[in-house]
Amino acid sequence: MSGGTAGGERPEVTVTPRTCAGTGVCAFYAPATFELDERGKVRIAAAGGDGSARDSAEDVRNAAEACPTRSIRLPSTDSR
């Protein structure tokens, strides 16, 4: 993922599957960015097909803010 958010680019994001509760709220807000693995833990979604499906920076931020266990981290939310 790219580092900046200018021009609607998605911000750099990291996930911690170990702390994930598996609620799926991340995939609800940003389905092209996040998915749950076979254990029900968050992971970064693989680029699909031609890579045309992309979530906005706002969608990714909303997913990180909605995560009940803070298993999704963005550079701007690290201070929480």
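**Figure 1. Contacts and overall make-up of the protein chain.** In the protein chain, residues 24 or more positions apart account for 49% of the contacts with a separation of 6 or more. The model shown here and in the other views is a predicted one. Its secondary structure comes to two helices and four strands, and these elements follow the pattern β-α-β-β-α-β when the protein chain is read along the sequence. Of the 80 residues in the protein chain, 28% count as buried. The protein chain exposes about 4700 Å², and 49% of that area is supplied by carbon and sulfur atoms.

**Figure 2. The buried residues of helix α2.** Helix α2 covers residues 57-66, and within this helix Ala57, Val60, Ala63 and Ala64 are buried. Because these residues cover an arc of only 125 degrees around the axis, they lie on the same side of α2. The elements against which the buried residues of α2 pack are the helix α1 (25-29) and the strands β2 (34-36) and β4 (72-73).

**Figure 3. A salt-bridge network around arginine 43.** A search of the whole structure finds three salt bridges, and this view takes up those that involve arginine 43. In one of them, the side chain of arginine 43 meets that of glutamate 35, with a distance of 2.8 Å from N to O. In another, the side chain of arginine 43 meets that of glutamate 38, with a distance of 3.8 Å from N to O. Through shared partners, these salt bridges join Glu35, Glu38 and Arg43 into one network. The members of the network can also be described by their accessibility: arginine 43 is partly exposed, with a relative accessible area of 33%, and glutamate 35 is likewise partly exposed, at 27%, whereas glutamate 38 is exposed, with a relative accessible area of 69%.

**Figure 4. The salt bridge between arginine 39 and aspartate 37.** Arginine 39 and aspartate 37 form a salt bridge in which the closest N and O atoms are 3.2 Å apart. On the arginine side of the pair, arginine 39 counts as exposed, with a relative accessibility of 59%. On the aspartate side, aspartate 37 counts as buried, with a relative accessibility of 12%.

**Figure 5. Cysteines without a disulfide.** A disulfide is a covalent bond between the sulfur atoms of two cysteines, and the structure holds zero disulfides. For cysteine 26, the closest cysteine sulfur belongs to cysteine 20 and is 6.1 Å from its own sulfur, which is too far for a bond. Cysteine 67 also has its closest cysteine sulfur in cysteine 20, and here the distance is 6.4 Å, again too far for a bond. For the reasoning in this view, the cut-off is that the two sulfur atoms of a disulfide lie within 2.5 Å. As for their surroundings, cysteine 26 counts as buried at 5% relative accessibility, and cysteine 67 is buried as well, with a relative accessible area of 7%.

Technical notes. Residues are numbered from 1 along each chain as its sequence is written. This is a predicted model: local features need pLDDT of at least 70, side-chain atom pairs count only at pLDDT 80 or more; totals for chains, interfaces and linings use all residues. Side-chain values use heavy atoms; hydrogens and water are left out. A salt bridge is a side-chain nitrogen of Lys or Arg within 4 Å of a carboxyl oxygen of Asp or Glu. Buried means under 20% relative accessible area, exposed over 50%, partly exposed in between (1.4 Å probe, protein chains only). The arc is that of the directions from the helix axis to the C-beta atoms. Contact means heavy atoms within 4.5 Å. Accessible areas come from the Shrake-Rupley method with a 1.4 Å probe; for residues, only the protein chains shown count as cover.
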